[in-house]
Amino acid sequence: MSTTQTTALTEAQSFPMTELRRPAFKDTEASPAEEAPAEADVVRSEPATPVLKLVVAGYSFFCAGVNDGTLGPLIPYVISSFRIGTGEVAIIYGTNFAGWLLAAVTNPIMTAHLTLGQLLGIGAALQLVAHCLRPWGPLPLFCVTFFLQSLGMAYQDSHSNTFVSGLRNVPHRWLGFIHACYALGCFVGPLIATAIATAPNSMAIDGWRRVYLVLVGICALNVAGVAVAFRDTLWSRLHAGPRSADGNGQKRNRAAMAGMARLLGAKTLWLLSMFYFFELGATFTAGGWVVEFLTTVRGGSLAATGYVPTGFYGGMLAGRLLLAEPTFRYGEQRMLLVYSALCVALQLVFWLQPNIVGSAVALSFMGFFYGPFFATGMSVASKLFPREDQSAALGFIFVLAQAGGAIFPSITGLVAANAGVAVLQPIVLALFVAGGISWWLVPKVPQRSE
């Protein structure tokens, strides 16, 4: 029996036929020429390897990585420029969390009404607007831009992730590719931020703000890429027809919310979400606060320690490129448990020995073993949910994961305001342990009978 036949048989045995045959809500008088297919149908109708769309999906993750990678090295400059403390820095992460939270609430309804190209286009445009505002505004506007940025990332990257995970041709490799692009962005981000922020400045704005002028160009290319690669669904209407505006629109809203409510009752969804929630919280907290920790607690120079996150994200990039295939071959769920244990051990090394170079090396290896987490987890999740639920399930998991990446750095900043930045280490250690326990509780993927 082929793998495709086995997968289809497994899904048919696991879910009632009434669920498998449920028709999508659409107007019976809609014109086939005007109506765009649903996201799952778009994926199934793609060629085995839609190269241009994969490149654009990877580039969207690269943009997200550059955004996330630049913040950590810039935090000392933000504190100095706005004359604030670590507690106020938590506001930035709080607005970031608010964007991901709003996306989690609105994503099911957006998916029910918009095509894949439109969702990606809105996400890319929001990110461009955010970066256009960052070089100029005061602290309140600067914080609001992180809300816009995270909202745009949530729409674009979650649906890019779902699109790639549904491809027919080795999706685990393509998931590894797009998440490696994210790690590449995180690797490049600290290099850009530190180099520009420490360079002589002849412009009318603060030197560190010039970093965001570079990001404006990067995000503008992201918008252009979506417009070209996903033009087949960018200008289409998901549900066309003269009678679909009110009645069927309400039906689609109710269907989307009912489907989401059914998913929210699944234990697997919450276990996977908690795994990502804690693991991304650990990595975003470590990458975001490590420069402030090394300069304040370990006494390092800002010009030198600003490059330390590059080692962490460089290790993450190497891990996503080199460990994807061994992880798939030796068992995705088993290997992620091994990697979680190694990350805990390396975090202890980073915490307990005082040498800055030794800490940087431990952090780099931690990034290496963390590398395959995201793509592997998404690959496992795509096998645990039926195809008709994958878009909503993977989107929810992705958004909640990024929410963890926003809320835990915010909590760290609030605690550090009273207890000092040294609290970074026990917080990151606890998050890695919690993530490993969540992954251990995730149900095993059913074995395929050949």
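This report describes the overall make-up of a predicted model and then turns to one of its helices, two buried residues, its salt bridges and a nonpolar surface patch.

## Overall make-up

The predicted model is built from helices, of which there are 20, and it has zero strands. Of the 450 residues in the protein, 57% are buried. Among contacts with a separation of 6 or more, 84% are made between residues that lie 24 or more positions apart.

The surface that the protein exposes comes to about 18,100 Å², and carbon and sulfur atoms supply 67% of that area.

## Helix α17 and what covers it

Helix α17 runs over residues 356-370, and because a rise of 1.5 Å a residue should give its 15 residues a span of 21 Å, the computed distance of 21 Å between its end C-alpha atoms agrees with expectation. At the N-terminal end of α17, Asn355 acts as a cap, with a side-chain oxygen placed 2.9 Å from the backbone nitrogen of Val357.

The buried residues of α17 are Ser359, Ala360, Ala362, Leu363, Met366, Gly367, Phe368, Phe369 and Tyr370. The cover over these buried residues includes α12 (267-296), α14 (308-322), α16 (332-352), α18 and α20 (424-441), and three of these helices, α12, α18 and α20, return in the sections below.

## Two buried residues: Ser382 and Thr285

Ser382 belongs to helix α18, which covers residues 373-384. Its relative accessibility is 14%, and because buried means under 20%, Ser382 counts as buried. Once the neighbours within four places in sequence are set aside, the contacts of Ser382 are with Ser165, Gln390 and Leu394. A further distance that helps to place Ser382 is the one to Val445, a residue 63 positions away along the chain, since the two C-alpha atoms are separated by 9.9 Å.

Thr285 sits in helix α12, and with a relative accessibility of 0% it also counts as buried. Leaving aside neighbours within four places in sequence, Thr285 is in contact with Val290, Phe408, Pro409, Thr412, Leu424, Val428 and Leu431. Of these partners, Leu424, Val428 and Leu431 carry numbers that fall in α20 (424-441).

## Salt bridges

A search of the whole structure finds four salt bridges. In one of them Lys53 is paired with Asp232, and the closest N and O atoms are 2.8 Å apart. This pair joins distant parts of the chain, with Lys53 in helix α4 (residues 51-82) and Asp232 in helix α10 (residues 231-234), 179 residues apart. The two partners differ in their accessibility, for Lys53 is buried at 7% relative accessibility, whereas Asp232 is partly exposed at 43%.

Arg173 forms a salt bridge with Glu325, in which the closest N and O atoms are 3.2 Å apart. This pair, too, links distant parts of the chain, since Arg173 lies in helix α8 (residues 171-197) and Glu325 lies in helix α15 (residues 324-329), 152 residues apart. Arg173 is partly exposed, at 45% relative accessibility, and Glu325 is likewise partly exposed, with a relative accessible area of 23%.

Glu325 also meets Arg329 in a salt bridge, with 3.6 Å from N to O. Because Glu325 and Arg329 are four residues apart in helix α15, about one helical turn separates them. An α-helix has 3.6 residues a turn, so residues three or four places apart point the same way. Arg329 is exposed, with a relative accessible area of 62%. Through salt bridges that share partners, Arg173, Glu325 and Arg329 are joined into one network.

## A nonpolar patch on the surface

Leu337, Val433, Ile437, Trp440 and Leu441 together make a nonpolar surface patch of about 470 Å². Helix α20 supplies the largest share of the nonpolar patch, namely four residues. One of the patch residues, Ile437, lies in helix α20 and is partly exposed, with a relative accessible area of 46%. Helix α20 is therefore a contributor to this patch while also being among the elements that cover the buried residues of α17.

Note on methods: Residues numbered from 1 in each chain as written. Predicted model: local features only at pLDDT ≥ 70, side-chain atom pairs only at ≥ 80, totals over all residues. Heavy atoms only, no water. Buried < 20%, exposed > 50% of the residue type's maximum accessible area, 1.4 Å probe, protein only. Contact = heavy atoms within 4.5 Å. Expected span 1.5 Å × (residues − 1). Polar contact = N/O pair within 3.5 Å; in protein donor to acceptor, adjacent residues only side chain to side chain. Patch = residues over 30% accessible without salt bridge, like charges linked within 9 Å, V, L, I, M, F, W, Y side chains within 5 Å. Areas by Shrake-Rupley, 256 points an atom, 1.4 Å probe, with all protein chains shown as cover. Salt bridge = Lys/Arg side-chain N within 4 Å of Asp/Glu carboxyl O.
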